[in-house]
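Let's take a walk along one helix and see what sits around it. Have the structure open and follow along.

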Amino acid sequence: QIFDVFKSRLNDSNSKVNQVALETMHKIIPLLKDSLSPVINMLIPAIVDNNLNSKNPGIYAAATNVIQALCQYLDNYLLLQPFCAKAQLLNGKAKQDMTEKLA
C-alpha cells in the first residue's frame, strides 16, 4: 500500500516532488534490497517512463541513480523482464539507457 502511493510521487507533475521521490527511492533500495520484488514490476515503469527522458537534469540524474541502485542491490533475474519490456517500448535517451543496462 505504501508503494501504491509512493509510485504516484515518482511521476508527480511538480518536478521538485518528483526529484525528491526519486532521491528517496535511491535511499530505500539498499535498505530493502530483494524485499522490493513484489513491487518491482510496478516501480520500474514509474521510475523509467517519464524520468529517463526528462529534460530536467536533476530528475534524469536521480532516475539514473535509482536504476543503478536497482542493478546493484537486486538480483538480476528480478530486473530482466521489466527492463526488457521498457527497452522495447521506450524511445530516445531512455531506450538507450535501458538497453545499456540490459547489456
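Start with helix α4, which covers residues 57-73 in this predicted model. Its 17 residues carry it 24 Å from the first C-alpha to the last, close to the 24 Å you'd expect at 1.5 Å a residue. Now look at the N-terminal end, where asparagine 56 acts as the cap. One of its side-chain oxygens lies 2.8 Å from the backbone nitrogen of glycine 58.

That glycine also turns up among the buried residues of α4, which are Gly58, Ile59, Ala62, Ala63, Val66, Ile67, Ala69 and Leu70. So what covers them? The cover includes α2 (15-32) and α3 (40-48), along with α5 (76-89) and α6 (92-102).

Let's pick out α6 from that group. The axes of α4 and α6 run 12 Å apart, and the two helices pack at an angle of about 20 degrees. Since angles under 35 degrees count as roughly parallel, that's the label α4 gets relative to α6. The crossing itself is right-handed. On the α4 side, the residues that meet α6 are Tyr60, Ile67, Gln68 and Cys71; their partners in α6 are Lys93, Asp97 and Lys101. Notice that Ile67 is also on the buried list for α4.

Now swing over to α2, home of asparagine 18. Is this residue buried or exposed? Its relative accessibility is 6%, so asparagine 18 counts as buried. Leaving out residues up to four places away in sequence, asparagine 18 touches Arg9, Leu10, Asn11, Asp12, Asn51 and Ile59. The last of these, Ile59, brings you back to the buried residues of α4.

Conventions. Residues numbered from 1 in each chain as written. Predicted model: local features only at pLDDT ≥ 70, side-chain atom pairs only at ≥ 80, totals over all residues. Heavy atoms only, no water. Helix = DSSP H or I, 4+ residues; strand = E, 2+ residues; numbered from the N terminus. Expected span 1.5 Å × (residues − 1). Buried < 20%, exposed > 50% of the residue type's maximum accessible area, 1.4 Å probe, protein only. Contact = heavy atoms within 4.5 Å. Polar contact = N/O pair within 3.5 Å; in protein donor to acceptor, adjacent residues only side chain to side chain. Axes fitted to C-alpha atoms, helices over the stretch in contact; angles between N-to-C directions. Parallel < 35°, antiparallel > 145°, perpendicular 65-115°, else oblique. Left-handed = near helix turned anticlockwise from the far one by under 90°.
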